[in-house]
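Student: I would like to learn how to read a model of this kind feature by feature, with the general idea stated before the particular case. Could we go through it together?

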Amino acid sequence: MNRVLFFAGLRERVEKEELEIDVTGRTVGEVKELVSEKYGLDQIQSCMTAVNEEFALNDMKIEEGDTIAFIPPVSGG
């Protein structure tokens, strides 16, 4: 099982701070696709991803117990 964390606008869209889902063996890119389809999160493709608090690329494989965090780009003024 894996924890998937959402921040800022993603959290508002999903209406949860985190999910518990089994994505072991999938890549970060596949997890993005899965979450995007289930929650209509097109913007997730432009988000940075961290696995176990370290930035990860889309081809990284998820292991059992990993925590995946999707971090939207920050804008400010």
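Tutor: Let us begin with a cut-off that we shall need for single residues: a residue counts as exposed when its relative accessible area is over 50%, as buried when it is under 20%, and as partly exposed in between. By that rule Glu-15, at 70% relative accessibility, counts as exposed. Please keep in mind throughout that this is a predicted model.

Student: As it is predicted, what is the mean pLDDT of the chain, and which element has the lowest mean value?

Tutor: The general caution is that where pLDDT is low, the predicted coordinates should not be read in detail. In this chain the mean pLDDT is 92, and 96% of the residues reach 70 or more. Among the elements, helix H1 (residues 8-14) has the lowest mean, at 88, whereas E4 has the highest, at 97.

Student: In what order do the elements follow one another along the chain?

Tutor: The chain has 2 helices and 5 strands, and from the N terminus on they run β-α-β-α-β-β-β.

Student: How should I read the sheet, and what is the order of its strands?

Tutor: Strands of a sheet pair through backbone hydrogen bonds, either parallel or antiparallel. Here 5 strands make an open sheet in the order E2-E1-E5-E3-E4, and the pairing is mixed. Its edges are strand E2 (18-21) and strand E4 (54-56), each of which pairs on one side only. From one strand to the next, the twist averages 30°.

Student: Which individual pairings could I trace for myself, and how many bridges does E1 share with E2?

Tutor: Start with strand E1 (residues 2-6), which pairs with E2 in the antiparallel sense over 4 bridges; within that pairing, Asn-2 stands opposite Ile-21 in E2. Then turn to strand E3 (residues 48-51), which runs antiparallel to strand E5 (residues 67-71) and is joined to it by 4 bridges, with Ile-68 in E5 as the bridge partner of Val-51. E3 also pairs with E4, again in the antiparallel sense, over 3 bridges, and there Thr-49 stands opposite Ala-56.

Student: How many residues lie between E3 and E4 in their hairpin?

Tutor: There are 2 residues between the two strands of that hairpin, and Asn-52 in the turn has a positive phi of about 55°.

Student: What should I make of a positive phi, and where else does one occur outside glycine?

Tutor: Most residues other than glycine have a negative phi, so a positive value there deserves a second look at the backbone. Ala-8 has a positive phi of about 50° although it is not a glycine; this residue is found in helix H1 and, at 42% relative accessibility, counts as partly exposed. Glu-15 has a phi near 65° and lies in the loop between H1 and E2.

Student: Is Thr-27 buried or exposed, and which residues does it touch?

Tutor: Thr-27 has a relative accessible area of 16% and is therefore buried, since the cut-off is under 20%. It is found in the loop between E2 and helix H2 (28-39), and, apart from residues up to four places away in sequence, it touches Asn-58, Asp-59, Met-60, Lys-61 and Ile-62.

Student: How do the segments outside the strands at the two ends of the chain compare with that reading, taking Met-1 and Val-74 as cases?

Tutor: Met-1 lies in the segment before E1 and counts as partly exposed, at 46% relative accessibility. Its C-alpha atom is separated by 5.7 Å from that of Ile-21, which is 20 residues away along the chain, and its contacts beyond four places in sequence include Glu-20, Thr-24, Glu-64 and Gly-65. Val-74, in the segment after E5, is exposed, with a relative accessible area of 80%; from Thr-49 it is 25 residues apart in sequence and 13 Å apart in space, C-alpha to C-alpha.

Student: Finally, what is the radius of gyration of the chain, and what box do its C-alpha atoms fill?

Tutor: A compact globule of 77 residues would have a radius of gyration near 11 Å, and the 12 Å of this chain agrees with that. Along the principal axes, the C-alpha atoms fill a box of roughly 40 × 20 × 20 Å. Of the 77 residues, 38% count as buried, and the chain exposes about 4900 Å², of which carbon and sulfur atoms supply 49%.

Key:
Residues are numbered from 1 along each chain as its sequence is written. This is a predicted model: local features need pLDDT of at least 70, side-chain atom pairs count only at pLDDT 80 or more; totals for chains, interfaces and linings use all residues. Side-chain values use heavy atoms; hydrogens and water are left out. Two strands pair if DSSP finds at least two bridges between them. Axes are lines fitted to C-alpha atoms, for helices over the stretch in contact, and angles run from 0 to 180 degrees between N-to-C directions. The radius of gyration is taken over C-alpha atoms; the globule rule is 2.2 Å times the number of residues to the power 0.38. Buried means under 20% relative accessible area, exposed over 50%, partly exposed in between (1.4 Å probe, protein chains only). Accessible areas come from the Shrake-Rupley method with a 1.4 Å probe; for residues, only the protein chains shown count as cover. Contact means heavy atoms within 4.5 Å. pLDDT is the predictor's confidence in each residue, from 0 to 100.
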